[in-house]
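Let's take a walk through a protein together, one piece at a time. Keep the sequence and the picture side by side as you read.

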Amino acid sequence: MGYRPKRKVYRLTFEDEDMGGLVVRAHSTSLGGLLAALGILTIDTDDLSAEDLAKLGELFRTFAAALVEWNVEDEAGQPVPATFEGLASQDADFVLVIVRAWAEAISGVPAPLGPPSPDGRPSPAPSIPMEALSQNQAS
């Protein structure tokens, strides 16, 4: 008889006040699924290729498979099922916020925010005032 690791369930949290009251619980995913999710979350959603669309679809299906429960309702007040179909019925921005929170929870690090600024210039480094060290005094 071998060891069967228990799947952890995460209760996702959201910083956006508009998400107040939203409850989402989801399982972790495999390491391969996590690495794929973190890579996909860096895709520029303003310029999607067919390959990027396929990867996003895979990410949403992976998340839907990990989704344990949520308290999302449709406009008529009916519960939206915690399935891929339920997820697909929601606004894309809403789903991306949830998936980013999930990736952050299961990885322990903030999810990538997307590509850097398109102007190509690096951010200026902060100026840190420096002064010369004093010479050691002989005792």
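**A pocket, a core and a helix**

Let's begin with an open space: the lining of the second largest pocket takes at least two residues from each of the helices α2, α3 (84-88) and α4. Before going further, please keep in mind that this is a predicted model. Of the elements around this pocket, α4 supplies the largest share of the lining, with 4 residues. The lining has 13 residues altogether, and Phe60, Gln90, Ala92, Val95 and Leu96 are the ones that lie nearest the centre of the pocket. What kinds of residues face this space? The lining divides into 9 nonpolar residues, 3 polar ones and 1 charged one. The space inside the second largest pocket comes to about 190 Å³. How can empty space be found at all? Rolling a probe the size of a water molecule over the atoms reveals where space has been left empty.

Now step back and look at the whole chain. It contains 4 helices and 3 strands, and if you start at the N terminus, the elements follow the order β-β-α-α-β-α-α. Of the 139 residues in the chain, 26% are buried. The chain also brings distant parts of its sequence together: among contacts with a separation of 6 or more, 56% are between residues 24 or more positions apart.

Next, let's go inside. The largest nonpolar core has 31 residues, and Leu12, Val24, Phe63, Ile98 and Trp102 are those with the most contacts inside it. Which elements give two or more residues to this core? They are β2 (24-27), α1 (31-40), α2 (50-66), β3 (67-70) and α4 (92-107). Helix α4 gives the most, with 8 residues. To see how one core residue is surrounded, find Val24: leaving out residues up to four places away in sequence, Val24 touches Tyr10, Arg11, Leu12, Phe14, Phe63, Leu67, Glu69, Trp70 and Ile98.

Helix α4 has now turned up in both the pocket and the core, so it deserves a visit of its own. This helix has 16 residues, and from its first C-alpha to its last it reaches 22 Å, close to the 22 Å expected at 1.5 Å a residue. Its buried residues are Val95, Leu96, Ile98, Val99, Ala101, Trp102, Ala103 and Ile106. What covers them? The cover includes β1 (9-11), β2, α1, α2, β3 and α3. After α4 comes Gly108, which has a positive phi, near 80°.

Strand β2 is a good place to look next, and Ala26 is found there. Is Ala26 buried or exposed? Its relative accessibility is 0%, so Ala26 counts as buried. Setting aside residues up to four places away in sequence, Ala26 touches Lys8, Val9, Tyr10, Phe63, Ala66, Leu67, Val68 and Trp102. One of these partners, Ala66, is 40 residues from Ala26 in sequence, yet their C-alpha atoms are 5.2 Å apart in space.

His27 also lies in strand β2. With a relative accessibility of 19%, His27 counts as buried, because buried means under 20%. Beyond its neighbours within four places in sequence, His27 is in contact with Arg7, Lys8, Val9, Tyr10, Ala66, Val68, Trp102 and Ile106.

Lys8 appears among the partners of Ala26 and also among those of His27. You will find Lys8 in the segment before β1. Apart from neighbours within four places in sequence, Lys8 is in contact with Ala26, His27 and Ser28. Lys8 and Ser28 are 20 residues apart in sequence, while their C-alpha atoms are 6.2 Å apart in space.

For a last stop, visit helix α1, where Gly39 lies. Is Gly39 buried, exposed or partly exposed? Gly39 has 38% relative accessibility, so it counts as partly exposed. From C-alpha to C-alpha, Gly39 and Lys55 are 9.6 Å apart in space, with their positions 16 residues apart in sequence counted as a separation.

Notes
Residues numbered from 1 in each chain as written. Predicted model: local features only at pLDDT ≥ 70, side-chain atom pairs only at ≥ 80, totals over all residues. Heavy atoms only, no water. Core = buried A, V, L, I, M, F, W, Y, C linked by side-chain atoms within 4.5 Å. Buried < 20%, exposed > 50% of the residue type's maximum accessible area, 1.4 Å probe, protein only. Contact = heavy atoms within 4.5 Å. 1 Å grid on protein atoms, 1.4 Å probe; cavity = no way out; pocket = protein on both sides within 12 Å on 5 of 7 lines; lining within 4 Å. Points joined across faces, edges and corners; volume = space filled by probe spheres on them. Nonpolar A, V, L, I, M, F, W, Y, C, P; charged D, E, K, R; others polar. Expected span 1.5 Å × (residues − 1).
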